[in-house]
Amino acid sequence: AVVSTQSTGWAAIAALYALSVASLHGFAIKNQQRPNPNSTVLLMLPAILLAGVLGVIFSFGVTVYGVARAISLQESITDVSSHYILAVWGFLALKWSFYLFQQSRHYLTNFHADSEDATPFVVQEILPEEEDIS
């Protein structure tokens, strides 16, 4: 019963990471179509990057734990309440969290490369250029 609860939790975490990847990609495409990209997604990219890194670390740990625990208890692979199911959901969360990390890093470096002096951790206001009246 405990293993199925843990598996359900990691299934929900994997789904949240998959939803985050889809949302990030949608926001990035929408932001590229704007003439002056100034979006809150750009502000959130460092936090999204951190969420991806933490997800990779914890999901890897859960995957290794699930496989090691199933082997040590000599559980059957076909048993639906075994630790192998936990390992599978941990691996899926690992996959989506790594993809979230990869995509957020990609969008962060593209944003940094597109702006001359903008850094990804500091958002600068876009002010209209002053006209020379002389």
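This briefing describes the helices, the nonpolar cores and several individual residues of one protein chain. The structure is a predicted model. The chain contains 3 helices and 0 strands, and its elements run α-α-α from the N terminus on. Of its 134 residues, 31% count as buried.

**Overall architecture**

- Among the contacts in the chain with a separation of 6 or more, 69% join residues that are 24 or more positions apart.
- The accessible surface of the chain comes to about 9200 Å², and carbon and sulfur atoms account for 65% of that surface.
- One pair of residues illustrates how distant parts of the sequence are placed in space: Thr-5 and Ser-81 are separated by 76 residues in sequence, with their C-alpha atoms 9.7 Å apart.
- Thr-5 belongs to helix H1, and this residue counts as exposed because its relative accessibility is 57%, where exposed means over 50%.

**The nonpolar cores**

- The largest nonpolar core has 13 residues, and the members that touch the most other members are Leu-24, Leu-42, Leu-45, Ile-48, Leu-100, Tyr-107 and Leu-108.
- Helix H1 (2–32), H2 and H3 are the elements that give two or more residues to this core.
- The greatest contribution to this core comes from H2, which gives 5 residues.
- Another core, of 5 residues, lies apart from the largest one, and its members include Trp-10, Ala-14, Val-62 and Leu-86.
- Leu-45, one of the residues named for the largest core, is in contact with Leu-24, Ser-104, Tyr-107 and Leu-108 when neighbours within four places in sequence are left aside.

**Two buried serines**

- Ser-104 is found in helix H3, and Ser-59 is found in helix H2.
- Ser-104 has a relative accessible area of 0% and therefore counts as buried, a term that applies under 20%.
- Ser-59 also has a relative accessible area of 0%, so this residue is buried as well.
- The side chain of Ser-104 reaches the backbone oxygen of Phe-101 at 3.0 Å.
- In the case of Ser-59, a polar atom of the side chain lies 2.7 Å from the backbone oxygen of Gly-55.
- Not counting residues up to four places away in sequence, Ser-104 touches Leu-24, Leu-45, Ile-48 and Leu-49.
- Leaving aside neighbours within four places in sequence, Ser-59 is in contact with Trp-10, Gly-90, Ala-93, Leu-94 and Ser-97.
- The two serines also touch residues named for the cores: Leu-24, Leu-45 and Ile-48 are among the contacts of Ser-104, while Trp-10 is among those of Ser-59.

**A nonpolar patch on the surface**

- Leu-50, Val-53, Leu-54, Ile-57 and Phe-58 make a nonpolar surface patch of about 460 Å².
- Val-53, one of the residues in this patch, lies in helix H2, which spans residues 40–72.
- Val-53 counts as partly exposed because its relative accessibility is 33%, between the 20% limit for buried and the 50% limit for exposed.

**A residue with positive phi**

- Gln-74 is found in the loop between H2 and helix H3 (83–114).
- The relative accessibility of Gln-74 is 72%, so this residue counts as exposed.
- Most residues other than glycine have a negative phi.
- The phi of Gln-74, by contrast, is near 55 degrees, a positive value in a residue other than glycine.

Methods. Residues are numbered from 1 along each chain as its sequence is written. This is a predicted model: local features need pLDDT of at least 70, side-chain atom pairs count only at pLDDT 80 or more; totals for chains, interfaces and linings use all residues. Side-chain values use heavy atoms; hydrogens and water are left out. Patches are made of residues with over 30% relative accessible area and no salt bridge: like charges are joined within 9 Å, nonpolar side chains (Val, Leu, Ile, Met, Phe, Trp, Tyr) within 5 Å. Accessible areas come from the Shrake-Rupley method with a 1.4 Å probe; for residues, only the protein chains shown count as cover. A salt bridge is a side-chain nitrogen of Lys or Arg within 4 Å of a carboxyl oxygen of Asp or Glu. Helices (H or I, at least four residues) and strands (E, at least two) are DSSP runs, numbered from the N terminus. Buried means under 20% relative accessible area, exposed over 50%, partly exposed in between (1.4 Å probe, protein chains only). A polar contact is a pair of N or O atoms within 3.5 Å; within protein, one must be able to donate a hydrogen and the other to accept it, and residues adjacent in sequence count only if both atoms are side-chain atoms. Contact means heavy atoms within 4.5 Å. A nonpolar core is a set of buried Ala, Val, Leu, Ile, Met, Phe, Trp, Tyr and Cys residues joined through side-chain atoms within 4.5 Å.
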